[in-house]
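Me: Hi! Could you walk me through this one? I'd like to go over it piece by piece.
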Amino acid sequence: MSDCMSKIIRTTADIMFMFIVVFGFYIVLHGHLTPGGGFQGGAVIATGFILLIVAHKLDDFLGWFKKKAFQNFEMSGLILFIGTALAAIPLGYLFFMNFLSGAGGLFGQVVPYGVNPGFLNTAGTIPIMNIAVGIEVLGGLSIIILYMTSGISNHEEGE
Amino acid sequence: MDILFDNLPGLLIAIPLLGAFLTPLLSRAGDSIRNAWVLIVTGLSSVCGLLVASQVLETGTIVYTFGVNTVSNIIPPDSGGIPIRIIFTIDPMNAFMLIIAAIVGFCITLFSVSSMERLSGKDGFFTLVLLLIAGVYGMIATGDLFNFFVFLEISSLAGAALVAYRIDKGVAAEAGLKYAALSTIGGMLFLVGVGLLFAQYNSLNMAVIADRMQLTGLDIIAFVLFFTALAMKCGAVPMHFWTPDSYAMAPSAITAFLVVSSQASLYALFRVCFTLYGGQINPLTVGWVIIILGILSMFIGVTMAIPQKDVKRLMAYHAVSQTGYMLLGVGVGLAALSSTCLSQSIGVMALKGGLFHIMNHAIYKGLLFLTAGVIMYRCGTRNLNQLGGLGHNMKWTMVFFMIGALAIAGIPPFNGFASKLMIYESTFLFNPLLAVIAMVVSILTLASFVKVFHSMFMGPKLPEYENVKEAPTPMLIAMGILAILVVLFGIFPQQVVDALVAPAASALIDYQGYISAVLGGA
């Protein structure tokens, strides 16, 4: 992994990266409306980072994105998820209660009856949990790949 | 305040999960803050477990539904009488297991905080410990088959990562990989079984499936899949080969909790036999299958333990052997309860003995693994041939090891004797040969532990362990709690049986009660 790919591949990867990340966030945000969700969207975003790792030098990549940043993503996603579930208890409901659904405000709209183009502002805590899982998965999968790549480069240096 | 009490079963997994996810963050604030946080979280979740258990024993089965507005809203009005949400069903049997997990969970965290002092990577370690604890609580408390699978996977993956945590020239990594692979196979078998039941009964809720159970051909296949998966996870003999590796290579405190996690699988095995297929399967056949597994585990476990030179590997084989006693007790219970020529009281007695042994085993085996952990911490080796003369410097550890060793060998007045006596008495009336085998295994256990005791603690001081010190105070407190319980349960077995074990046994037998607690007297 010590040398990077050709300039064509690097440029293409840089351009594709943005589209992959936007598509991933689209899947995360529409998790409650369309197929997919937090995990799938997070995995798509992580593939964007993996594309950068493959196309560039690992050291260059680590100059742009720190391992610590991915750890922070992972951790904050998990905390957001469990926090949303726990927030129901002080409000007087049971664990994991969807207290935002139908309450108005953020994600609180009721879905109108019949065919509709899909309203993002619905489903209560479910989109929040999807976002949490998306952030968690993009951090977690990227970290796994980062550790595996550093394993490969250590191995090659050893030989 | 009421809302907190209503939410206790939910907090049971919410607290360790929140604790696990916040641990990496608090690790950045320093070691002592993280240690305090981990101890507070496990302490709170243990208190939570004990409170739930006492509530259940006082007022009867608790049914806790996730994601509803009030506690009583178990079955949505528009669902046709089926609980469609994920529910926790905690009857006295679950309460019994919760008490075990709560006690051992707190002790192992207290022990780990001290034993991990000098090692690196502690934030990941404690996150995984808390996830393992959450997984085991979930396995015990859940009333939903798919949810059980999820918690089984959480505890298996956290357990596998913890087994491999000290890489140890790749040996621990191999043990962890083995544990992960076998747990995944077990989990997949379980999942296929759940699918077969879901396809037929349109529900994942244990009570609903138990209520609708027809015992078709597919149900029998599902039963075999459940049985195999759970017997593998609890380390019964033909599927025991992962236990010596992973129990020996995991950090000692983790091993003590892996025993509890195996017993959560054992609980699920009994739940499947008694409740899910309650009154439908042939109790005599299934009972005898469990008895044969139990006899094999007992005998092969102990005979494999005798030649071991690694103290933790030896204890791991003893764990297999003791699992045999639990299987024997419950198997005899299942077979004798259905028998027409034996009185019901024999079956109930055997069942109580088997269940009581689960609790006793978790406590004394936890104690023994923790003493092995102290030896590792102070001397850096587990090889019995290299150890010796430690009794001069490690007096408390020696006393705790003696208590644990005598308890596992079934010597009065320790708790192992109390439960083994119940198993012997009832098994003898059922089939004398089984009782004789059980007693022989007990004697072999004693022989093996006399050897361990002698080679670790007796003899003159060895030069390399001249200045070995006693264990640090938190470790001694953790072992002390377990040792006191071993002695207390041994001196007052009748009180413990009456208060905890008897309600658990009758809850296990009474599958109608379990169904009606969820479905509301249907």
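Me: To start, how many helices and strands does chain B have?
Reply: Chain B has 20 helices and two strands. Here helices (H or I, at least four residues) and strands (E, at least two) are DSSP runs, numbered from the N terminus. This is a predicted model, where local features need pLDDT of at least 70, side-chain atom pairs count only at pLDDT 80 or more, and totals for chains, interfaces and linings use all residues. Residues are numbered from 1 along each chain as its sequence is written, while chains are lettered from A and ligands numbered from 1 in the order in which they are written.

Me: Thanks. Is chain B compact or spread out?
Reply: The radius of gyration of chain B is 22 Å, close to the 24 Å that the globule rule gives for 522 residues, so chain B is as compact as a globular protein of that length. That radius is taken over C-alpha atoms, and the globule rule is 2.2 Å times the number of residues to the power 0.38. The C-alpha atoms of chain B fill a box of roughly 75 × 60 × 40 Å along the principal axes.

Me: What share of chain B is buried?
Reply: Of its 522 residues, 60% count as buried. A residue is buried if 20 or more other C-beta atoms lie within 10 Å of its own, exposed if 12 or fewer, and partly exposed in between, with C-beta atoms placed from the backbone.

Me: And what about chain A, which elements does it have?
Reply: Chain A has five helices and zero strands, so to speak α-α-α-α-α from the N terminus on. Its radius of gyration is 19 Å, well over the 15 Å that the globule rule gives for 159 residues, so chain A is more spread out than a compact globule. The C-alpha trace of chain A spans about 60 × 35 × 20 Å along its principal axes, and buried residues make up 36% of the 159 residues.

Me: How many residues does each chain bring to the contact between them?
Reply: Chain B gives 16 residues and chain A gives 15 residues. Two residues are in contact if their C-beta atoms, placed from the backbone, lie within 7 Å. On the side of chain B that touches chain A, helix 2 (residues 8-27) of chain B supplies the largest share, eight residues.

Me: What's the chemistry on that side of chain B?
Reply: The residues of chain B that touch chain A divide into 11 nonpolar, five polar and no charged. For the classes, Ala, Val, Leu, Ile, Met, Phe, Trp, Tyr, Cys and Pro count as nonpolar, Asp, Glu, Lys and Arg as charged, and the others, Gly among them, as polar.

Me: Switching to helix packing: at what angle do helix 6 and helix 7 of chain B pack?
Reply: Helix 6 (residues 145-163) and helix 7 (residues 171-201) of chain B pack at about 175°, with their axes 8 Å apart. That makes helix 6 of chain B roughly antiparallel to helix 7 of chain B. Axes are lines fitted to C-alpha atoms, for helices over the stretch in contact, and angles run from 0 to 180 degrees between N-to-C directions. Angles under 35 degrees count as roughly parallel, over 145 as roughly antiparallel, 65 to 115 as roughly perpendicular and the rest as oblique.

Me: Which residues make that contact?
Reply: Among them are B:F146, B:F149 and B:L152 of helix 6 of chain B, and B:Y179, B:F190 and B:L191 of helix 7 of chain B. By class, the contact of these helices has 16 nonpolar, five polar and one charged.

Me: Back to the two strands of chain B, how do they pair?
Reply: Strand 1 and strand 2 (residues 87-90) of chain B pair in the antiparallel sense over four bridges, where pairing needs at least two DSSP bridges between two strands. The bridge partner of B:T65 in strand 2 of chain B is B:I87. Both faces of strand 1 (residues 62-65) of chain B are covered: B:I62 and B:Y64 on one side, and B:V63 and B:T65 on the other, are all buried.

Me: Last one, where is the cis peptide bond?
Reply: The cis peptide bond joins B:P412 and B:P413, with omega about 5°. B:P413 sits in the loop between helix 15 (395-408) and helix 16 (415-430) of chain B.
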